[in-house]
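This report covers the overall make-up of one chain, then a run of strands and a helix within it.

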Amino acid sequence: MLAGGKRLSPTEPTGETGGPLAVDEVEMNTTNNSKLTGNAKALRKNMTKEERHLWYDFLKDYPARFLRQKVIDNYIVDFYCNKAKLVIEIDGFRHFTEDGLINDRIRTSDIGEYGLYVMRFTNYEVKSNFRGVCKRIDDYVRKALQNAEGNPSTTFGGPLPLAREALKG
């Protein structure tokens, strides 16, 4: 990741603590970037139709907290779940150009250096297979939390009511 023009590794010490660079520290440091913070706020107000659909009809009230248009390093990601270490990106047409594909690979790699998994969906997938998109997200979050905590039912207190509604077919 670039910070002040210097490439940083997630394991390099961070200023005051001297410990490894944690995602939470990255978020705190990058949210002070007024350019990115302002852009993130603008993007939250001007989400695409597909982002709005995924946010309001699934992620907003999901039991594991998701944030939208979250600053991570030098990027603004569409959706982020800290508990599951998951980034969700909704890709429009510009992501399918040669430059877009290269930039997405770099972005995914950079974000992955923080131990985050990037899940990508196209606008078309969200429109045409919303149930399948929600199921993939739900499956990933459940598995990530189970691996982190050993038992997903203690995390959510049983089945996810919102997930059940969104997954009805």
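## Surface and overall make-up

The model is predicted. The chain exposes about 9,700 Å², and carbon and sulfur atoms supply 52% of that area. Of its 169 residues, 42% count as buried.

The secondary structure comes to 8 helices and 6 strands. Along the sequence these elements follow the pattern β-β-α-α-α-β-β-β-α-β-α-α-α-α. Among contacts between residues at least 6 apart in sequence, 61% join residues at least 24 apart.

## Strand 4 and its partners

Strand 4 spans residues 75-81 and is mostly covered, with 7 of its 7 residues buried. Strand 4 pairs with strand 3 on one hand and with strand 5 on the other.

Strand 3 (residues 67-72) runs antiparallel to strand 4, and 5 bridges join the two. In this pairing V71 stands opposite I76 of strand 4. The two strands form a hairpin with 2 residues between them, and D73 in the turn has a positive phi of about 55°.

Strand 5 (residues 86-91) also pairs with strand 4 in the antiparallel sense, over 3 bridges. Here Y80 stands opposite V87 in strand 5. This hairpin has 4 residues between its strands, and K85 in the turn has a positive phi of about 55°.

## Helix 3

Helix 3 covers residues 49-59, and its buried residues are E50, E51, L54, W55, F58 and L59. These residues lie on the same side of helix 3 because they cover an arc of only 130° around the axis.

Definitions and conventions:
Residues numbered from 1 in each chain as written. Predicted model: local features only at pLDDT ≥ 70, side-chain atom pairs only at ≥ 80, totals over all residues. Heavy atoms only, no water. Buried < 20%, exposed > 50% of the residue type's maximum accessible area, 1.4 Å probe, protein only. Arc of directions from axis to C-beta. Pairing = 2+ DSSP bridges. Contact = heavy atoms within 4.5 Å. Areas by Shrake-Rupley, 256 points an atom, 1.4 Å probe, with all protein chains shown as cover.
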